[in-house]
Amino acid sequence: MRALVVEDDLELAADLKEELVAAGFAVDLTDNGEDAEHLGGVNPYDIVILDLGLPRRSGLEVLRHWRNAGNRVPVLILTARDSWPERVDGLRAGADDYLGKPFHTPELMARVDALVRRSVGRAGEPLEVAAVRLDEERQEAIVADGERILLTATEFRLLRYFMLHPGKVLSKGRLTEHVYEADEDRDSNVIEVYVNRLRQKLGRDVIETRRGQGYVFGAGRR
């Protein structure tokens with residue numbers, strides 16, 4: 001899963017990135033509205049955390065431009081706690097949720113998780129597909145006999161994306177876009193390596209290869 005954090009308070013932005021990475025997200029950062037609008041327009045983020053008080057272009061303007069262009073990425077806006085008109089404007093512009101500053105990080109992370117799940121129609125559901133259950137807090141997979149499988153950070157991000165989109169054909173390019181940050185080496189062929197690692201840990205039939213198309217998670221199991 002991939003997140004964009006748009007925040008000009010560099011210390012807060014670094015803290016948010018640390019929390020999101022620990023929760024299994026690949027994270028891109030920017031501190032101004034112009035770059036945010038560009039990044040959100042060319043990258044398929046799973047969630048955006050957007051401050052409204054930004055230099056070079058306001059967060060509200062960025063959000064309106066995304067929505068007018070048909071970009072439906074889930075957006076959590078950050079506002080000053082006493083600026084309720086700004087929150088109203090943000091929601092009317094197409095924000096999915098908001099959080100006032102200062103905030104408690106566990107609440108922010110819970111809201112992020114809820115927005116991501118809602119966007120793929122999995123709100124409130126445990127991630128369990130094809131006899132594999134994902135323990136997101138411990139970043140482990142639990143298989144049918146109860147065995148817990150340790151996952152690396154990249155394996156966890158990849159498996160979670162698969163399990164949020166069960167039964168769908170996912171190309172290597174799409175998986176790469178949602179698993180890696182912008183400044184990482186994003187060779188889509190590396191995805192094959194991680195798919196094979198997941199097969200070794202979870203079973204060969206848990207991920208089906210569709211030649212020339214990509215992969216399907218859970219299609220070979222009932």
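**Note on the predicted model: helix contacts, two sheets and selected residues**

1. Helices α1 and α5 are oblique to each other. The model under discussion is predicted, and this remark applies to every point below. The axes of α1 (residues 10–22) and α5 (residues 105–119) come within 11 Å and cross at roughly 55°. An angle under 35 degrees would count as roughly parallel, and one of 65 to 115 as roughly perpendicular; the angle for α1 and α5 fits neither description, so the pair is called oblique. The crossing of α1 past α5 is right-handed.

2. Which residues form the contact of α1 with α5? On the α1 side they are Leu16, Glu19 and Leu20, and these meet Thr105, Leu108, Met109 and Val112 of α5. Sorted by class, the residues of this contact are five nonpolar, one polar and one charged.

3. Leu12 also belongs to helix α1. Is this residue buried or exposed? Leu12 has a relative accessible area of 19%, and buried means under 20%, so Leu12 counts as buried. When neighbours within four places in sequence are set aside, Leu12 is in contact with Glu7, Lys101 and Phe103.

4. Lys101, one of the contacts of Leu12, also takes part in a feature of the backbone. A cis peptide bond joins Lys101 to Pro102, with omega at about -5°. Pro102 is placed in the loop between β5 (97–101) and α5.

5. A second helix pair consists of α2 (residues 33–42) and α3 (residues 59–68), whose axes come within 9 Å and cross at roughly 25°. Because angles under 35 degrees count as roughly parallel, α2 and α3 are given that description. Their crossing is right-handed. The contact is made by Gly33, Ala36, Glu37, Gly40 and Gly41 from α2, together with Val62, His65 and Trp66 from α3. By class, these residues divide into three nonpolar, four polar and one charged.

6. Turning to the sheets, five strands form an open sheet with parallel pairing, in the order β2-β1-β3-β4-β5. Its edge strands are β2 (26–30) and β5, each of which pairs on one side only. On average, neighbouring strands of this sheet are turned by 20° against each other, direction ignored. Strand β1 (residues 2–6) runs parallel to β2, and five bridges join the two. Within this pairing, Val5 has Leu29 in β2 as its bridge partner.

7. Two helices lie across strands of the parallel sheet. Helix α2 lies across β1 and β2 and runs at about 165° to β1. Helix α4 (residues 84–93) lies across β4 (75–80) and β5, and runs at about 165° to β4.

8. How are the strands β6, β7, β8 and β9 ordered? They form an open sheet in the order β6-β7-β8-β9, and the pairing is antiparallel. The edge strands are β6 (128–129) and β9 (148–150), each pairing on one side only. Two bridges connect β6 with β7 (residues 132–135) in the antiparallel sense. Glu128 has Arg133 in β7 as its bridge partner.

9. Helix α6 lies across β6, β7, β8 (140–142) and β9, and runs at about 125° to β7. Thr154 is located in this helix, which spans residues 153–164. With a relative accessible area of 13%, Thr154 is buried. Residues up to four places away in sequence not counted, Thr154 touches Val179, Tyr180 and Tyr194.

10. Two residues deserve a check of their backbone angles. Arg56 is not a glycine, yet its phi is positive, at about 75°. Arg56 sits in the loop between β3 (47–51) and α3. Gln139 likewise has a positive phi, near 55°, in a residue other than glycine. The loop that holds Gln139 is the one between β7 and β8.

11. Why do Arg56 and Gln139 receive opposite labels, exposed and buried? Arg56 has a relative accessible area of 53%, and exposed means over 50%, so Arg56 is exposed. Gln139 is at 16% relative accessibility, under the 20% limit, and therefore counts as buried.

How values were computed
Residues numbered from 1 in each chain as written. Predicted model: local features only at pLDDT ≥ 70, side-chain atom pairs only at ≥ 80, totals over all residues. Heavy atoms only, no water. Helix = DSSP H or I, 4+ residues; strand = E, 2+ residues; numbered from the N terminus. Buried < 20%, exposed > 50% of the residue type's maximum accessible area, 1.4 Å probe, protein only. Contact = heavy atoms within 4.5 Å. Pairing = 2+ DSSP bridges. Axes fitted to C-alpha atoms, helices over the stretch in contact; angles between N-to-C directions. Parallel < 35°, antiparallel > 145°, perpendicular 65-115°, else oblique. Left-handed = near helix turned anticlockwise from the far one by under 90°. Nonpolar A, V, L, I, M, F, W, Y, C, P; charged D, E, K, R; others polar.
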